[in-house]
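Below are some notes on the model, set out as numbered points. Please read them with the structure open.

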Amino acid sequence: MHDKILILDFGSQVTQLIARRIRESHVYSEIHPYDVDEAFIREFAPKGIILSGGPNSVTEAGSPRAPQIVFDLGVPVLGICYGMQTMADQLGGKVELGKLREFGYAEVRAHNHTGFLNDIEDFKDDSGHGMLKVWMSHGDKVADMPAGFRLMASTPSCPIAAMADDERRFYGLQWHPEVTHTVQGRAMLDRFVLELCGATPDWEMGHYIDEAVEKIRAQVGDEHVILGLSGGVDSSVAAALLHRAIGDQLTCVFVDHGLLRQKEAEQVMTTFADHLGVKVIHVDASTVFLSKLAGVTDPEAKRKIIGAEFVEVFQAEANKLKDAKWLAQGTIYPDVIESAGKGKKGAHTIKSHHNVGGLPETLNLKLLEPLRELFKDEVRELGVKLGLPPAMVYRHPFPGPGLGVRILGEVKREFADLLRRADAIFIETLRTTIDKETGKSWYDLTSQAFAVFLPVKSVGVMGDGRTYEYVVALRAVQTLDFMTAHWAHLPHELLGHVSNRIINEVRGVNRVVYDISGKPPATIEWE
Ligand code: XMP
């Protein structure tokens, strides 16, 4: 049993970061909605509790509150932003309504040498006080602290920017220690989790393999499992972990929809079937997929067709495996949190981001999700520990509908072939071009990069002749969360080299352009 930190989510956009930061310090943490019941919290037996930020105002009637047991369990409690305000309100302090809500950089002055902030500082001000550079959420303010609390930090515009009750080990911060802009954020969370809660930092992927293997064996017994392998990180790591646990009781089905990247199918088969000895059924369904997509130009319609056809093909293969009792999926922790919903508010979707998963219940299989507890960076670490090639595990994300959403308009095999070649040239160049300043490849310096096929013809000249051929767009972005993204400032020489190679080597293309739109207002993919 690991020591656990419980995070109660009041709906902040950055709640996930709290859990990630704590896990990076090797302590296990989970996020649950703020209104979970008392029995759950007792059973969870946290070493400490964190109340997240959130969009509401404590001053509104009916706004969310933490269950009373949070303050009665006798464990340390940290309230962040809204979490601090509800803590103040619930324990007898006073919160004042603010006029504007704004997220921003602030310098706060530490007070009173509390157990939480003692020795944590960025610099000293002219009169020798410890100062911290933080990311503050301005808005409502704590006006009166509850009995037992002392002032822990302040700014001119927010006199009670943090408060501490060292006796009960209750702490409130008006700023966000979980975002990297708060320079000492890690030190603050480590102080809370490791020192004040006394949690043992024993959450490590190397040890986790043994635990997970044991759990999977106990769950599955001698029954058989099937898994849809897409070549993406999550399903690959799930396959490797299950194979480690149950060997030949696992059968993977790899559906090739004809919209994969160059040599991708070969790579999947080599890695899993040849190197790891996993049973993989390779279904080349490209002809069926492409015939269903013929004449379809609407992006959402294309996604739906690819998703539905994937289910169809997978189901046909699954039906042939009579022994299978389990369906394994590479669901990871962010998927679990997102589908549970944030606080009480629904999340906003711009595009239907369903992966080609969502397999129907008619399969009559029990669901096995061995990565359900893990964040993406943990999944990657686990993948490498399980022997998957780092280049596969640290690959840029690739959408389930594949090149289907990177060929604008109607999808045709000739367009897919052309795009695969252009894309491979771009990716290879990114991998081999090293940035002098950082010593990293441009592939590692970007979060996602790919080529897009535009079904537009433009005029060019080649030798003595006029050409009239297609356009390829290059897209490369830098982002932490894929919700917002900047276009990557790739070196001009790199772009020039890629453009020359694509135009010279890929028949049918005479023009290459670079996409310089950010997200928002553009999205990362073009469809
Ligand atoms: P956008 O284009 O919305 O993409 O900025 C954000 C991230 O999501 C990926 N994406 C998808 N992934 N199925 C997927 O599995 C989809 O239909 C899909 N659409 C976008 C995109 O590649 C980027 O990483």
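1. Cysteine 81 sits in the loop that joins strand S4 (77-80) to helix H4 (82-90). The model is a predicted one, and in it cysteine 81 is buried, with a relative accessible area of 2%.

2. Cys81 is one of the residues that the unreviewed UniProt entry annotates as "active site"; the annotation also covers His176 and Glu178. These residues span 98 residues in sequence, yet no two of their C-alpha atoms are more than 11.4 Å apart, so they gather at one spot.

3. Glutamate 178, from that annotation, lies in the loop between strand S12 (170-173) and helix H5 (185-196). Its relative accessibility is 1%, so glutamate 178 counts as buried. Beyond its neighbours within four places in sequence, glutamate 178 is in contact with Val14, Leu17, Ile18, Arg21, Ile80 and Leu189.

4. Some of these contacts fall in helix H1, which runs over residues 15-24. Seven of the ten residues of H1 are buried, so this helix is largely enclosed by the rest of the structure. The buried residues are Thr15, Gln16, Ile18, Ala19, Arg21, Ile22 and Arg23. Ile18 and Arg21 are thus buried residues of H1 and also contacts of glutamate 178. After H1 comes histidine 26, with a positive phi near 70°.

5. Where does UniProt place the feature "binding site"? The unreviewed entry puts it at Ser230, Gly231, Gly232, Val233, Asp234, Ser235 and Ser236. Glycine 231 is in the loop between strand S13 (224-229) and H7, while aspartate 234 lies in helix H7 itself.

6. Is glycine 231 buried or exposed? With a relative accessibility of 1%, glycine 231 counts as buried. Setting aside neighbours within four places in sequence, glycine 231 is in contact with Ser236, Val268 and Arg395. Ser236 belongs to the annotated "binding site" as well.

7. Aspartate 234 is also buried, at a relative accessible area of 16%; the cut-off for buried is under 20%. Apart from neighbours within four places in sequence, aspartate 234 is in contact with Gly330, Ile332, Leu371, Lys376 and Val379. Lys376 and Val379 are on the H12 side of the contact between H7 and H12, and Asp234 is on the H7 side.

8. Helix H7 (residues 233-246) packs against helix H12 (residues 376-385) at an angle of about 45°, and their axes are 9 Å apart. That angle makes H7 oblique to H12. The crossing of H7 past H12 is left-handed. H7 contributes Val233, Asp234, Val237, Leu241 and Arg244 to the contact, and H12 contributes Lys376, Val379, Arg380, Leu382, Gly383 and Lys385. Sorted by class, the contact has five nonpolar, one polar and five charged residues. As background to such spacing, an α-helix has 3.6 residues a turn, so residues three or four places apart point the same way.

9. A second helix pair is H14 and helix H16 (residues 492-505), whose axes come within 10 Å and cross at roughly 150°. H14 and H16 are therefore roughly antiparallel to each other. H14 passes H16 in a right-handed crossing. On the H14 side the contact is made by Ala422, Ile425, Phe426, Glu428, Thr429 and Leu430, and on the H16 side by Leu494, His497, Val498, Arg501, Ile502 and Glu505. By class these residues are seven nonpolar, two polar and three charged.

10. Serine 441 is located in the loop between helix H14 (413-432) and helix H15 (442-445). At 9% relative accessibility, serine 441 counts as buried. Its contacts, leaving out neighbours within four places in sequence, are Leu430, Arg431, Thr433 and Ile434. Among them, Leu430 also takes part in the contact of H14 with H16.

11. Lysine 366 is in strand S17 (residues 366-368). Its relative accessibility of 38% places lysine 366 in the partly exposed class. The C-alpha atoms of lysine 366 and alanine 324 are 9.4 Å apart, although the two residues are separated by 42 residues along the chain. Other than neighbours within four places in sequence, lysine 366 is in contact with Glu223, Lys325, Trp326 and Leu327.

How values were computed
Residues are numbered from 1 along each chain as its sequence is written. This is a predicted model: local features need pLDDT of at least 70, side-chain atom pairs count only at pLDDT 80 or more; totals for chains, interfaces and linings use all residues. Side-chain values use heavy atoms; hydrogens and water are left out. Axes are lines fitted to C-alpha atoms, for helices over the stretch in contact, and angles run from 0 to 180 degrees between N-to-C directions. Helices (H or I, at least four residues) and strands (E, at least two) are DSSP runs, numbered from the N terminus. Angles under 35 degrees count as roughly parallel, over 145 as roughly antiparallel, 65 to 115 as roughly perpendicular and the rest as oblique. A crossing is left-handed if the near helix is turned anticlockwise from the far one by less than a right angle, and right-handed if clockwise. Contact means heavy atoms within 4.5 Å. Ala, Val, Leu, Ile, Met, Phe, Trp, Tyr, Cys and Pro count as nonpolar, Asp, Glu, Lys and Arg as charged, and the others, Gly among them, as polar. UniProt positions are given in the numbering used here, feature names are shortened, and annotations may be inferred rather than shown by experiment. Buried means under 20% relative accessible area, exposed over 50%, partly exposed in between (1.4 Å probe, protein chains only).
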